[in-house]
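Reader: Hey, I'm new to this one. Can you walk me through it?

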Amino acid sequence: MKRLLLTLAFSASGILAQDFSSPVTLIQHVTVINVVTGEEAKEQTVKLQGGRILSVASTEPADGASPGAVDAHGGFLIPGLWDMHVHVHETGELPLYIANGVTGVRMMAGERDTAALRVELSEKKPSPFIYLASAIVDGRSPMWPGSIVVKKPADARRTVDEIKAGGADFVKVYDGVPRDAYFALADEAKLQHIDFEGHVPETVTAQEASAAGQRSIEHLTGIALACSSKQENLTAAVEHARFFLDRLRVEAEGYRSFDQAKCQALFAEFRQNDTWQVPTLTVNRMWGRLDDSKMTSDPRLVYVGRRSRSRWDERTQPQIRRWNNSDYQMARGIFGVEEKIVGGLYRAGVPLLAGTDAMNPYCLPGFSLHDELALMVDSGLSPLAALQTATINPARFLHRTSELGSVEAGKSADLVLLRADPLADIHNTTQIEAVWLHGQYFDHAAILGLLEAAKLETRH
């Protein structure tokens with residue numbers, strides 16, 4: 001069990017260890033994409049052994065004699081993708097990530113018993129590597145069951161200590177953490193050498209969260225207010241907003257009172273403080289499209305189980321009953337501004353990560369990561385920059401660039417073979433021919449098998 005837990009927690013020794021008794025696998029005649037520079041090296045042979053990449057070199061005639069070699073026929077090889085903001089309702093969702101070339105995820109809500117959760121997650125195969133949050137840390141009247149409630153600084157410090165001792169990879173902070181408790185949490189996290197990531201609480205500004213060392217900000221929380229000339233008044237207003245729609249109205253007012261100079265100064269602080277942004281455009285867009293049958297009848301919903309769909313209905317039906325056309329127009333308008341914000345963050349050099357917020361309503365495990373990359377490009381990123389948010393950037397964020405994030409000798413053999421060039425069109429990340437998960441090969445037939453098995457599981 002100890003070995004299992006270390007593997008799921010990304011033990012460096014576990015990832016770097018290599019079984020030299022295992023056979024060598026060749027991927028021949030492949031175009032290797034350098035996700036750092038955008039260079040494309042054609043006619044390459046990539047050698048794999050024991051879950052690692054042995055070498056990347058030009059294809060030689062002698063390579064063809066190797067038994068079991070994979071002929072890529074000029075296809076495009078990229079590192080395994082990462083979805084850096086997911087939730088897991090049922091472990092049956094996990095193989096869907098592999099079928100979509102997503103070999104790693106950051107799971108944004110854990111449980112108090114981290115060890116037991118890791119064991120439960122490990123029982124489903126195949127499964128992506130999981131970077132695991134603590135249980136959500138929130139304030140009085142928490143939104144989600146199972147959250148850890150902190151009311152004062154002493155609570156926050158004790159909570160960080162317990163989370164670190166329990167083995168979670170980071171502390172997940174949420175909307176309701178009181179102001180003084182938040183800064184105590186930030187201080188204790190530094191002392192305990194554990195990152196804290198998540199939402200910007202309502203009582204804290206985005207500027208303050210960045211200065212306090214919050215490693216990532218999800219969903220662009222706090223940015224509408226931080227970029228507003230009315231920030232102080234709107235911060236007070238959002239604290240008193242009772243419903244989601246009320247919060248959206250405050251956010252809309254923030255964007256209507258947009259101050260370009262304040263926003264640029266904020267982005268400069270993010271860059272200076274290394275505050276990563278995970279926009280989760282997929283889920284942000286969803287709230288304004290619940291009246292759109294194209295989304296609510298997405299054919300990929302066959303891979304979502306009944307229990308998850310029931311949870312979605314519980315969350316969305318109140319909105320569907322109460323919202324009118326102007327409410328949806330407001331939500332869609334906010335999303336349009338958020339796309340511009342993401343483009344501005346990119347141009348300002350703020351580090352970005354791709355995340356979807358699966359399993360929120362209509363945010364699909366694995367599939368939606370490709371939607372997120374397309375939305376990144378729509379927001380102004382180049383296809384290469386979008387691809388980086390799901391490959392080399394996660395490796396940088398996790399401090400694992402020696403092991404993950406690019407197709408290079410010595411790195412983990414987490415790879416995706418595409419039939420078309422993603423740098424020509426980011427939508428080509430969906431053209432998956434094969435996936436390697438730490439060296440385990442899933443050809444096209446195996447991928448179809450994973451999808452069919454997941455579909456069957458939703459019927460039980």
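Author: Sure, starting with a strand pair: strand E7 (residues 102-107) and E8 pair in the parallel sense over four bridges. Strands are DSSP runs (E, at least two residues) and helices likewise (H or I, at least four), numbered from the N terminus; two strands pair if DSSP finds at least two bridges between them. This is a predicted model, where local features need pLDDT of at least 70 and side-chain atom pairs 80 or more, while totals for chains, interfaces and linings use all residues. Residues are numbered from 1 along each chain as its sequence is written, and side-chain values use heavy atoms, leaving out hydrogens and water.

Reader: Which residue in E8 is the bridge partner of Val 105?

Author: That's Ile 130.

Reader: And what packs on the sheet?

Author: Helix H4 (residues 114-122) does, touching E7 and E8 (contact means heavy atoms within 4.5 Å). The direction of H4 makes about 160° with that of E8; axes are lines fitted to C-alpha atoms, for helices over the stretch in contact, and angles run from 0 to 180 degrees between N-to-C directions.

Reader: In what order do the three strands of the open sheet go?

Author: E6-E7-E8, with parallel pairing. Strand E6 (81-86) and strand E8 (129-132) are at the edges with a single partner strand each, so one side of each has no neighbour in the sheet. From one strand to the next, the twist averages 20°.

Reader: Switching topic: how do the residues lining the largest cavity divide?

Author: Five are nonpolar, five polar and two charged. Here Ala, Val, Leu, Ile, Met, Phe, Trp, Tyr, Cys and Pro count as nonpolar, Asp, Glu, Lys and Arg as charged, and the others, Gly among them, as polar.
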